[in-house]
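This report covers ring contacts, sheet order, helix packing and backbone exceptions in one protein chain. The sequence and structure come first, and the description follows.

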Amino acid sequence: MTLEVVLITGMSGSGKSVALRALEDAGYYCVDNLPPELLLSFVALEQQNNAQRVAIAMDVRSATSLPLVPAQLRELRAQGVVVRPLFLDATTDTLVRRFSETRRRHPLSGSRSGAQTSDVAYDRQHALVDAIELERELLADLREQAHAIDTSVIRSSQLQAHVKSLLSAPVSQLTLVFESFAFKRGVPVDADYVFDVRMLPNPHYEPALRDLTGRDQPVIDFLARHADVEQMYSHIEHFLNHWLEPLARDHRSYVTVAVGCTGGQHRSVFLVEKLAASFSARWITLKRHRELDGL
């Protein structure tokens, strides 16, 4: 019986606890903040117990031993364990806001003394940003080996649904994730490729189409009439058709392709729907509409 291990790492405040709860709901045996030194022995114990699905969360609180993890993951794979690493990320501004709202202390924040009262707020903000950037450096190797998920502008329910959909895909094949987004809300930090389609004709300026989305037939008909839209689609399709095979040969598990327009409602949604339909005939394909999902 093959054991599947989902390893959740990521930035403090990015939603690791939310992702772990989603996996617990999906039937995984979950362990939070497992010290890396115990990873191999814990997995061996679960194998003895004939476990099938385990989810483990690690974070920067184990900073001194995190460098052990990449080699441990290679060893587990060599033993036949299915390892699926996920890395939760968010922009620095988002993380600063979340820590400020919850008044939590960042795990890497050092204590400061002697600051003048008028400088306290600035000092705290500056120390928090420094701690976040240090955390990025410490986790860089783990992020490189994992599938990243940007949680900056999504709700907890969206994150839970996305984690479940990712892990429902077969692990033995490359999975394509097509994502639409709005540039005005920021570029997804989890994207492997980003395509800007803001130069295409915009249905927003058609009163009858403004409140619709790229999944609605009138918007589809409007965009399909424009040669520029078809040319953009063809260029993206040609690029991906050329590079997906090399990516698969490089043992990539996931590739995220983000398509962005101004509002993330019409053009990017239309192209993501069309691309997902086309590539699903050959690849395992998932789609996300960042600004629409969960509405």
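## Aromatic pairs

Tyr193, Phe195 and Phe239 are linked into a cluster by ring pairs; rings of Phe, Tyr and Trp (its six-membered ring) pair if their centres lie within 6.5 Å, with planes under 30 degrees apart counted as stacked, over 60 as edge-to-face and the rest as tilted. The model is predicted, so local features need pLDDT of at least 70 and side-chain atom pairs count only at pLDDT 80 or more, while totals for chains, interfaces and linings use all residues. Residues are numbered from 1 along each chain as its sequence is written, and side-chain values use heavy atoms, with hydrogens and water left out.

By the ring rule there are five aromatic pairs. One of them joins phenylalanine 178 and phenylalanine 279, a tilted pair at 5.8 Å centre to centre with 45 degrees between the planes. Phenylalanine 178 belongs to strand 6 (residues 175-182) and phenylalanine 279 to helix 9 (residues 267-279), so this pair ties together parts that are 101 residues apart in sequence. Helices (H or I, at least four residues) and strands (E, at least two) are DSSP runs, numbered from the N terminus. Both phenylalanine 178 and phenylalanine 279 are buried, where buried means under 20% relative accessible area, exposed over 50%, and partly exposed in between (1.4 Å probe, protein chains only).

Phenylalanine 195 and phenylalanine 239 form an edge-to-face pair, 5.9 Å centre to centre and 75 degrees between the planes. Since phenylalanine 195 lies in strand 7 (residues 193-196) and phenylalanine 239 in helix 8 (residues 227-249), the pair ties together parts that are 44 residues apart in sequence. Is phenylalanine 195 buried or exposed? Phenylalanine 195 has 16% relative accessibility and therefore counts as buried, whereas phenylalanine 239 is partly exposed, with a relative accessible area of 28%.

## Charges over rings

Two further rings have a charged side chain over the face. A charge sits over a ring if NZ of Lys or CZ of Arg is within 6 Å of the ring centre and within 35 degrees of the ring normal. Arginine 198 lies over phenylalanine 183 at 3.7 Å from the ring centre. Over the ring of tyrosine 233 sits the charged end of lysine 274, 4.4 Å from the centre.

## The parallel sheet

An open sheet is formed by five strands in the order 2-3-1-4-5, with parallel pairing; two strands pair if DSSP finds at least two bridges between them. Strand 2 (29-32) and strand 5 (147-150) are the edge strands, each pairing on one side only. From one strand to the next the twist averages 20 degrees.

Strand 2 and strand 3 (residues 53-57) run parallel and are joined by four bridges. Tyrosine 29 stands opposite valine 54 in strand 3, and cysteine 30 stands opposite alanine 55 in strand 3. Between these strands the chain passes through helix 2 (residues 39-48) in a right-handed β-α-β crossover: with the strands pointing away from the viewer, the path from the first strand over the helix to the second runs clockwise.

At the other edge, histidine 147 lies in strand 5. With 7% relative accessibility, histidine 147 counts as buried. Not counting residues up to four places away in sequence, histidine 147 touches Pro85, Leu86, Phe87, Leu166, Tyr254 and Thr256, contact meaning heavy atoms within 4.5 Å.

## Helices on the sheet

Helix 1 (residues 16-25) lies across strand 1 (4-10), strand 2, strand 3 and strand 4 (82-89), at about 160 degrees to strand 1. Helix 3 (residues 69-78) also packs on the sheet, touching strand 1 and strand 4, and its direction makes about 150 degrees with that of strand 4. Axes are lines fitted to C-alpha atoms, for helices over the stretch in contact, and angles run from 0 to 180 degrees between N-to-C directions.

The buried residues of helix 1 are Lys16, Val18, Ala19, Leu20, Ala22 and Leu23. An α-helix has 3.6 residues a turn, so residues three or four places apart point the same way. The buried residues of helix 1 pack against strand 1, strand 2, strand 3, strand 4 and helix 6 (156-168).

## Positive phi

Glycine 27, just after helix 1, takes a positive phi of about 100 degrees. Asparagine 33 has a positive phi of about 55 degrees although it is not a glycine. Asparagine 33 is placed in the loop between strand 2 and helix 2 and is partly exposed, with a relative accessible area of 26%.

Histidine 251, another residue other than glycine, has a positive phi near 65 degrees. Histidine 251 lies in the loop between helix 8 and strand 8 (254-261), and at 71% relative accessibility histidine 251 counts as exposed.
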